[in-house]
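Q: I am new to this structure and would love a guided close look at one part of it. Could you walk me slowly through the links between side chains, and then through the places around them?

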Amino acid sequence: MPSAETTPTSVREQDPVRPTKEDEVAASGSELIGGPIGRRALLGTSWWTPVRIIALVAIGMFALGLVQKAPCYNGAWFFGASSQYTHACYSDIPHLYQGRGFADGLVPYFDKLAGDMEYLEYPVLTGVFMEVASWLTPGSGSIQDQEQWYWMVNAGMLMVCAAVIAVCVTRTQTRRPWDGLLVALAPAFALTATINWDLLAVALTAAAMLMWSRGRSLAFGILLGLATAAKLYPVFLLGPLFVLCWRAGKWRDFGKALVGTVFAWLVVNLPVMLLAWDGWSQFYRFSQERGVDFGSFWLIMAQNSTDPLSTETVNTLATLLMLLCCAGIAALTLTAPRRPRFAQLAFLIVAAFILTNKVYSPQYVLWLVPLAVLARPRWRDFLIWQACEVAYFLGIWLYLAYTTSGDAHKGLPPDGYHWAIGLHLLGTLYLCAVVVRDILMPERDPVRRAGDDDPSGGVLDRAEDVFVLGPAAHPPRHAAHFDAQPVEWGSREATDGSL
């Protein structure tokens, strides 16, 4: 059996991976629609291509998420202190329409707000998104009517983002288009899609990953810069990309990606920086000054301590932990027996940021979903992680119901909420551990087991190493050390057991 390095690209692209043949959970789930695909099936002869099907499924799941918010839309956002939490349908969007001055026609970053928050506390591109939605919101009727309209307008715009994410993931690894169903059917994705505006940054990041997989380094950088102008986390992808390009000697491509990122970020941010510095810097000041908050292990420590750490100390420790994770990922990249796939490291770096951060809002799971699908396209592991995230989604709203229901204390007490946080942390750590195992034991990676090297890696795909450390500097003939028969890339007999 030839290796992935010597198998012609055209041969591999014409042989798409069938999930019902490669994945036991997918095969079992396919019984709902007639069972696994047969060997005599005519593929590619219908209008219903994987991209179109997955885009429609993503829109359908997004619509179900809107239905889940119906109790709040019909009143829970506006009446009762805790009903929006007991129905688990809270969203920032309607509340910030008036709370951040959009109802009064204030210009984000330029006009001061009444209250504790002087300016809009979101990055500039997200602020533009919010402002455009306010322009499309009818200004007539009661403030409740306007807030309902504002949420619906934003939901429509975010639905487009959700479809873009599903399509980009589907097309990033061309031989594995059906992996996009993991994004489309992710329950936590549907439940959290309209809590905030994170889908804008996620869509731009997914588009950037698609461009990198096509070898378009500059386009990747521009899209990543726009994503960073909408949310901070996408910039972390440059770290693992730097180490991967170092190992492969692809400095020119990394340089173009870096230039594109900086240029796009400056185009969006520089005008506001120059004309409204105080408003522009509000996001960064708020991030620095914000205390320990929901969803983090820091909160568990603070609520179980008689002398909790100060915000400044938590900031320092969280930064040190993140730097330690970055160093670990860099060491893993340079010493792994096979150069890790870009998607694997992208998932690990964003997960590290989430795990060490002092706050974890439930919609942050959206950051990880597309990266998790590209890093570990395996239904079993993905669903285990999603179950943990859904449990956390319910846990935070029940905890807020407990804290806002007065003496009635209807909901989940702090100790119960700590268990929900722990479940979220364990689920994310579990998926990280599986991805790290795939890096150290490439024969267990579902993508490489099917015969590919790094389909989302662009210029890194099948590239030769020029700089490695440790065991990788003296590789054996085959992919990894183990006692059984050596692995040949592309061999379907690489592992006999479950992945």
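A: Here is a tour of the disulfide, the salt bridges and a few single residues, taken one stop at a time. Please keep in mind along the way that this is a predicted model.

Let us begin with the cysteines. The structure holds 1 disulfide, and the two residues it joins are Cys72 and Cys89, with 1.9 Å from S to S. The torsion about the S-S bond of Cys72 and Cys89 is about 80°, so this disulfide is right-handed. Where do its two ends sit in the chain? Cys72 belongs to helix α5 (residues 70–76), while Cys89 is in the loop between α6 (83–86) and α7 (92–99). The two are 17 residues apart, and the pair links distant parts of the chain. Both Cys72 and Cys89 are buried.

The loop that holds Cys89 has another residue to look at. Ala88 also lies in the loop between α6 and α7. Its phi is near 55°, a positive value in a residue other than glycine. With a relative accessible area of 9%, Ala88 is buried.

Other cysteines can be visited too. Cys325 has its closest cysteine sulfur in Cys326, at 7.0 Å, and because that is too far, there is no bond between them. Cys325 is partly exposed, at 28% relative accessibility. Cys245, by contrast in its setting, counts as buried, at 0% relative accessibility.

Now for the charged side chains. As a general idea, side chains of opposite charge can pair when their charged atoms come close. How many salt bridges does the model have? The count comes to 16.

A good one to look up is the pair of Asp445 and Arg341, whose closest N and O atoms are 2.8 Å apart. Asp445 lies in the loop between α23 (414–440) and α24 (446–449), and Arg341 lies in the loop between α19 (311–335) and α20 (342–356), so this salt bridge ties together parts that are 104 residues apart in sequence. Are the two partners buried or exposed? Asp445 is buried, with a relative accessible area of 0%, and Arg341 is buried with 0% relative accessibility as well.

Another salt bridge joins the side chains of Arg448 and Asp453, with 3.0 Å from N to O. Arg448 and Asp453 are both buried. Besides such pairs there is a network: Arg376, Arg380, Asp381, Arg437 and Asp438 are joined into one by salt bridges that share partners.

For a salt bridge in another kind of setting, turn to Lys112 and Glu118. Their side chains meet at 3.9 Å, N to O; the cut-off for a salt bridge is 4 Å, so this pair is within it. Lys112 counts as exposed, at 52% relative accessibility, and Glu118 is partly exposed, with a relative accessible area of 36%.

From charges we can move to a nonpolar part of the surface. Val107, Phe110, Leu258, Val262, Leu266, Leu270, Leu274 and Leu275 form a patch there, and together they have about 710 Å² of accessible area. One of these residues, Leu258, is found in helix α15 (residues 251–275). Leu258 counts as partly exposed, at 36% relative accessibility.

The next stop is α18 and the loop before it. Ile300 lies in helix α18 (residues 297–303) and is partly exposed, with a relative accessible area of 22%. Leaving aside neighbours within four places in sequence, Ile300 is in contact with His418 and Ile421. The C-alpha atoms of Ile300 and Asp415 are separated by 8.8 Å, although these residues are 115 residues apart along the chain.

Ser296 lies in the loop between α17 (282–289) and α18. This serine counts as buried, at 2% relative accessibility. Not counting residues up to four places away in sequence, Ser296 touches Asn357, Lys358, Val359, Tyr360 and Ile421. Ile421 is thus a residue to find twice: it is in contact with Ile300, and it is touched by Ser296.

We finish in the segment after α24, where Arg462 lies. Arg462 has a positive phi of about 65° although it is not a glycine. With a relative accessible area of 25%, Arg462 is partly exposed.

Terms used:
Residues are numbered from 1 along each chain as its sequence is written. This is a predicted model: local features need pLDDT of at least 70, side-chain atom pairs count only at pLDDT 80 or more; totals for chains, interfaces and linings use all residues. Side-chain values use heavy atoms; hydrogens and water are left out. Buried means under 20% relative accessible area, exposed over 50%, partly exposed in between (1.4 Å probe, protein chains only). Helices (H or I, at least four residues) and strands (E, at least two) are DSSP runs, numbered from the N terminus. Patches are made of residues with over 30% relative accessible area and no salt bridge: like charges are joined within 9 Å, nonpolar side chains (Val, Leu, Ile, Met, Phe, Trp, Tyr) within 5 Å. Accessible areas come from the Shrake-Rupley method with a 1.4 Å probe; for residues, only the protein chains shown count as cover. A disulfide is a pair of cysteine sulfur atoms within 2.5 Å. Contact means heavy atoms within 4.5 Å.
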